[in-house]
Amino acid sequence: MIRVDLRSDTVSHPSPEMMKAMAEAELGDDVYGDDPTVNCLQEKSADILGKEDAVFVASGTMSNLVAILAQTQRGDEVIVGSQAHIFRAEAGGASVLGGVNYHAVTNEPDGTMPAEGIEAAVRPDDIHMPPTSLLCLENTHNGAGGVAVTPSGTRAMTDVARAHGLRVHMDGARLFNASVALECPASVLVEDVDTVGFCLSKGLSCPIGSVLAGDASFVDEARKWRKIVGGSMRQVGIIAAAGIVALETMVERMADDHSNARRLAEGLANIDGIGLDLERVQTNIIRFSVPQNSGIRIASRLGDEGVLINPTRCGEVSLRMVTHYGIDASDIEFTLSVMSNVMSEIA
Ligand SMILES: *Cc1c(COP(=O)(O)O)cnc(C)c1O
């Protein structure tokens with residue numbers, strides 16, 4: 001029996017209030033721009049982010065893909081972090097569909113890329129080289145363990161981009177986790193970027209959806225690319241309705257996910273064989289190391305006891321746990337007691 005599912009915050013289910021809003025949503029055909037619920041979510045999102053406009057898309061992956069396709073030409077190069085979701089976990093979509101090259105800059109443990117690294121990655125004007133056109137950031141930074149990047153951390157990177165005339169996109173799949181952790185409005189976190197996407201389907205607990213925001217001409221262009229990738233939907237207010245409720249009711253409560261993650265991380269750090277940097281546990285993601293080659297066995301033994309986590313991917317030495325809506329303090333205690341038993345078996 002599954003007792004605690006810590007694989008991702010994507011496993012969270014909609015709240016009763018979201019279910020009700022979905023059942024009662026006013027609908028229209030969104031390809032004609034006629035769905036009032038989608039329009040409301042888009043306006044509300046743009047407003048919260050301090051951007052001119054926003055467009056509803058099916059997923060975080062689609063928001064990043066459309067953002068890159070709308071801001072590059074075939075043969076361009078985009079700068080990404082070496083641990084970025086765009087680079088490592090989106091099947092090279094912009095390359096496959098847009099003929100765009102990725103240039104990876106090594107991420108720092110705090111989720112940023114060093115300004116010198118970005119500087120060195122920008123291609124000079126030379127017919128041998130792909131033109132650099134876009135810098136992609138991520139906040140919170142999933143690969144770095146859910147760390148929240150501060151406005152000054154972001155500014156140091158966007159300054160380099162501006163000096164070279166690059167546009168900047170932020171993958172803000174968990175932007176609101178960063179906002180809650182830093183006690184900083186989301187609009188301030190994205191002030192220096194041109195475009196930003198956030199997921200409704202992660203900590204905000206919606207069943208489906210992401211929102212991509214930027215200036216009005218970008219959003220027009222993004223709508224066209226959304227059409228090209230097959231992402232235009234019809235009476236999609238049915239899911240946008242949950243997004244509106246999420247923005248109103250699910251943001252502040254993510255502080256609970258963060259304190260549960262903190263409690264879990266402190267407990268894990270006390271278990272022999274687990275390596276964990278508490279400073280990196282800033283939001284709802286915990287990454288920790290286990291003895292070499294034990295990750296798959298640990299994940300499998302936890303699963304036997306009802307605690308689900310993802311097995312390590314090839315080449316990774318760390319395991320991940322993610323807290324979310326539906327995980328409470330007793331689940332954290334249960335997980336720690338199971339983990340403690342499993343680790344003593346492994347030793
Ligand atoms: C989950 C995630 C995405 C992709 O979102 P999907 O909705 O799963 O496609 C993009 N970026 C980051 C940082 C993520 O964690």
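Reader: Which residues are closest to the ligand?
Author: Happy to start there, with the reminder that this is a predicted model. In total, 13 residues surround the ligand. The closest of them are Gly 60, Thr 61, Asp 171, Arg 174 and Lys 202.

Reader: Which side chain has a polar atom 2.8 Å from an oxygen atom of the ligand?
Author: Let's go through three side chains that come within the 3.5 Å cut-off for a polar contact. For Asn 142, an N or O atom of the side chain is 3.0 Å from a ligand oxygen, and for Lys 202 the distance is 2.9 Å. The 2.8 Å distance to an oxygen atom of the ligand belongs to a polar side-chain atom of Arg 174.

Reader: Which residue forms a salt bridge with Arg 174?
Author: Good one to ask, as the structure holds 19 salt bridges. Side chains of opposite charge can pair when their charged atoms come close. In this pair the closest N and O atoms are 2.7 Å apart, and the partner of Arg 174 is Asp 9.

Reader: How many residues apart in sequence are the parts that Asp 9 and Arg 174 tie together?
Author: Asp 9 sits in the loop between strand 1 (4-5) and helix 1 (16-24), while Arg 174 sits in the loop between strand 6 (167-171) and helix 8. The pair therefore ties together parts whose separation in sequence is 165 residues.

Reader: How far apart do the C-alpha centres of domain 1 and domain 2 lie?
Author: The chain divides into domain 1, residues 14-249, and domain 2, residues 253-346. Between their C-alpha centres the distance is 28 Å.

Reader: What area is buried between domain 1 and domain 2?
Author: Contacts come from both sides, with 23 residues of domain 1 touching 13 residues of domain 2. Carbon and sulfur atoms give 51% of the buried area. That area is about 1600 Å².

Reader: How many residue pairs are in polar contact across the interface of domain 1 and domain 2?
Author: Salt bridges can be set aside here, since their count between domain 1 and domain 2 is zero. For polar contacts across this interface, the number of residue pairs is seven.

Reader: Which helix gives the most to the side of domain 1 that touches domain 2?
Author: That side divides into 10 nonpolar, 10 polar and three charged residues. The top contributor gives four residues, and with bounds 175-182 it is helix 8.

Reader: Where is the residue with a positive phi of about 55 degrees?
Author: Most residues other than glycine have a negative phi. Ala 91 is not a glycine, yet its phi is positive. You will find Ala 91 in the loop between helix 4 (85-88) and helix 5 (93-98).

Technical notes. Residues numbered from 1 in each chain as written. Predicted model: local features only at pLDDT ≥ 70, side-chain atom pairs only at ≥ 80, totals over all residues. Heavy atoms only, no water. Domains from an automatic or database assignment. Contact = heavy atoms within 4.5 Å. Buried area = accessible area lost by both parts, 1.4 Å probe. Salt bridge = Lys/Arg side-chain N within 4 Å of Asp/Glu carboxyl O. Polar contact = N/O pair within 3.5 Å; in protein donor to acceptor, adjacent residues only side chain to side chain. Helix = DSSP H or I, 4+ residues; strand = E, 2+ residues; numbered from the N terminus. Nonpolar A, V, L, I, M, F, W, Y, C, P; charged D, E, K, R; others polar. Near = heavy atom within 4 Å.
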